[in-house]
Amino acid sequence: MSSIAIQDLSVSIQNQEIIRGLDLEFSQGEVHAIMGPNGSGKSTLAKVIAGHPDYEVTGGDIFLDGESILGLEPDERARRGLFLAFQYPMEIPGVSNANFLRAALQARLPEGEELEATEFYQRLYEKMDLLEIPRQFTARAVNEGFSGGEKKRNEILQLAMLEPAFAILDETDSGLDIDALKIVAKGVNTLRGPGLGIVLITHYQRLLNHIVPDYVHVMFEGKIVRSGGKELALELEAKGYDWLKTGEPVPASA
Ligand code: ADP
Ligand code: MG
């Protein structure tokens with residue numbers, strides 16, 4: 001079983017410190033939710049784990065099974081089993097969804113090994129059905145002209161196809177109506193299992209009614225300030241995030 005350990009991590013962008021001594025550990029088979037007000041650094045954390053070049057790690061480390069990944073390029077991290085679903089998925093005009101997914105899968109195969117077309121499409125259609133994505137989306141350019149909900153579903157399709165060891169889902173619920181949210185949650189729940197560690201980043205508790213986490217962490221001003229079980233999300237829902245700003249403790253679970 002693989003695990004990721006983030007130790008005393010500090011991250012800056014344009015000399016502004018965003019993450020300030022953050023500690024977090026998660027393993028395959030676990031679902032962790034990271035909640036927190038906007039601007040806490042949740043997306044920054046996700047992007048730093050994935051290896052986004054704009055962010056400078058000024059302290060601490062990120063270990064995958066005891067080995068630092070900070071020196072690895074994003075594609076190398078992906079090959080080691082990391083996957084990030086973006087809060088704002090990018091549009092890639094001119095590249096069809098099917099070709100994009102095929103190239104991504106092909107890139108993970110050992111040199112000389114070829115991805116079988118029939119096998120690929122069989123798997124693709126199976127995953128698309130699971131996520132209720134119409135077949136015509138295979139021919140459309142990646143995310144181009146997709147609605148917010150379609151983009152998010154497409155991110156989960158990539159996750160389903162790539163079968164990573166760890167998936168970080170950054171506000172996968174944002175911009176989804178309740179029906180789309182349920183489809184996305186169903187997809188994630190189907191993928192859930194001992195081989196996949198999931199980090200769900202979300203501002204709202206709503207998603208966690210549909211994807212029930214094993215652990216909940218609260219992030220504020222670049223740090224994890226509180227961790228607990230799934231009931232912590234309910235406390236946050238009831239109390240909001242204002243207690244963080246006043247320094248008042250969140251009430252203990254009943
Ligand atoms: P969250 O996802 O919790 O809302 P973010 O990680 O997006 O928080 O942002 C945390 C802080 O870092 C914010 O103040 C944001 O303005 C700043 N920040 C994030 N990315 C950049 C960037 N590329 N350039 C400048 N500031 C950034
Ligand atoms: Mg964010």
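Are S43 and Q87 buried or exposed? I looked this up before anything else, and S43 is buried, as is Q87 (buried is under 20% relative accessible area, exposed over 50%, partly exposed in between, with a 1.4 Å probe and protein chains only).

A note to self on conventions. This is a predicted model, where local features need pLDDT of at least 70 and side-chain atom pairs count only at pLDDT 80 or more, while totals for chains, interfaces and linings use all residues. Residues are numbered from 1 along each chain as its sequence is written, chains are lettered from A and ligands numbered from 1 in the order written, and side-chain values use heavy atoms, without hydrogens and water.

**Entry: the magnesium ion**

I asked which protein atoms hold ligand 2, the magnesium ion, and found S43 (OG) and Q87 (OE1) as donors, 2.1 to 2.3 Å from it. Donors here are N, O and S atoms within 2.8 Å of the metal (3.2 Å for Na, K and Ca); water is not among the atoms, so sites may look incomplete. The two donors sit 44 residues apart: S43 belongs to helix α1 (residues 42–50), and Q87 to the loop between β6 (82–85) and β7 (92–96). Helices (H or I, at least four residues) and strands (E, at least two) are DSSP runs, numbered from the N terminus.

**Entry: helix α1**

I then checked the rest of α1. Seven of its nine residues are buried, so α1 is largely enclosed by the rest of the structure. The buried set is K42, S43, T44, L45, A46, V48 and I49. Just after α1 I found G51 with a positive phi, near 100°.

**Entry: α3 on α4**

Helix α3 (residues 97–108) packs on α4 at about 115°, with the axes 11 Å apart. That makes α3 roughly perpendicular to α4 (65 to 115 degrees; under 35 is roughly parallel, over 145 roughly antiparallel, the rest oblique). Axes are lines fitted to C-alpha atoms, for helices over the stretch in contact, and angles run from 0 to 180 degrees between N-to-C directions. For the contact (heavy atoms within 4.5 Å) I noted A98, L101, R102 and L105 of α3 against A117, F120, Y121, R123 and L124 of α4.

**Entry: α4 on α5**

Helix α4 (residues 117–130) meets helix α5 (residues 148–162) at about 135°, axes 10 Å apart. The pair is therefore oblique. From α4 I listed F120, R123, L124, K127 and M128, and from α5 L157, A160 and M161.
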